[in-house]
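Welcome! Here is a short briefing to read alongside the structure. Take a look at the fold before going on to the notes below.

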Amino acid sequence: MDTAVVAAVVAAVLALTAACGSAPSAASPPAVTVVRPPDTPAGSAPAAPTGEPVLTVSGRIAAAGGALRLDRAGLDAMGVLQMTVDDPWAKRRLPLRGVWLRDLVERARPDAAATTLHVTALDDYQVDLALADVRAQGILLATRTGDGADLPLEDGGPTRVVFADGLAERFSPDLWIWNIRTIEVR
């Protein structure tokens with residue numbers, strides 16, 4: 001392979017890794033693999049869903065129509081990362097794929113005064129995450145299993161919040177919300 005092509009590929013991978021938020025925490029960045037780079041630039045609005053929406057982001061956002069509805073294809077278009085985490089509920093290490101929660105939130109374009117994400121599951125379980133933590137920490141919105149299959153409902157799908165290694169002391173296992181229906185930016 002031509003050295004110019006190799007250099008271009010290396011530069012592209014480094015740029016995509018930076019755009020995907022490869023270093024969410026200065027203390028100890030999680031081991032993350034870029035499985036699929038984003039289809040669109042970071043911060044751009046995803047396309048309207050063509051399939052059934054699996055997640056809606058609403059509230060204090062500037063997204064068109066006041067709500068960002070995402071189907072699986074829309075989530076995948078933001079890029080797919082893989083990370084293995086210590087799941088406090090499964091009591092084992094799990095490889096999961098998804099997108100940084102901060103990248104999803106930035107695509108919804110939150111109001112400058114927004115401070116919280118209010119996350120609601122299909123069973124109405126609710127948690128609040130500080131927007132500052134979401135922007136600064138290794139918080140993954142998991143959408144797929146480690147082998148790339150859609151995350152099934154019985155395993156927390158269609159989407160679930162998981163925290164990178166090293167964050168267990170800081171974030172309660174109760175914040176590992178699964179079967180997410182909506183995220184409201186407050």
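Let's begin with one pair of residues: Val34 stands opposite Leu81 in β4. Please keep in mind that this is a predicted model. From that pair we can move out to the sheet, then to a helix that packs on it, and finally to a loop residue, Leu167.

**The strand pair**
- Strand β1 and strand β4 (residues 80-87) run antiparallel, and 4 bridges join them.
- In general, strands of a sheet pair through backbone hydrogen bonds, in either a parallel or an antiparallel way.

**The sheet**
- The open sheet has 5 strands in the order β1-β4-β5-β8-β9, and their pairing is antiparallel.
- β1 (32-36) and β9 are the edge strands, each of them pairing on one side only.
- From one strand to the next, the twist averages 50°.

**The helix on the sheet**
- Helix α3 (residues 101-108) packs on this sheet, where it touches β5 (92-100), β8 (139-145) and β9.
- The direction of α3 makes about 20° with that of β5.

**Leu167 in its loop**
- Where does Leu167 sit? You will find Leu167 in the loop between β9 (160-163) and β10 (180-185).
- Is Leu167 buried or exposed? Leu167 counts as buried because its relative accessibility is 8%, under the 20% cut-off.
- Leaving aside residues up to four places away in sequence, Leu167 touches Gln137 and Gly138.
- Between Leu167 and Ile139 the C-alpha to C-alpha separation is 9.1 Å in space, while the two are 28 residues apart in sequence.

How values were computed:
Residues are numbered from 1 along each chain as its sequence is written. This is a predicted model: local features need pLDDT of at least 70, side-chain atom pairs count only at pLDDT 80 or more; totals for chains, interfaces and linings use all residues. Side-chain values use heavy atoms; hydrogens and water are left out. Helices (H or I, at least four residues) and strands (E, at least two) are DSSP runs, numbered from the N terminus. Buried means under 20% relative accessible area, exposed over 50%, partly exposed in between (1.4 Å probe, protein chains only). Contact means heavy atoms within 4.5 Å. Two strands pair if DSSP finds at least two bridges between them. Axes are lines fitted to C-alpha atoms, for helices over the stretch in contact, and angles run from 0 to 180 degrees between N-to-C directions.
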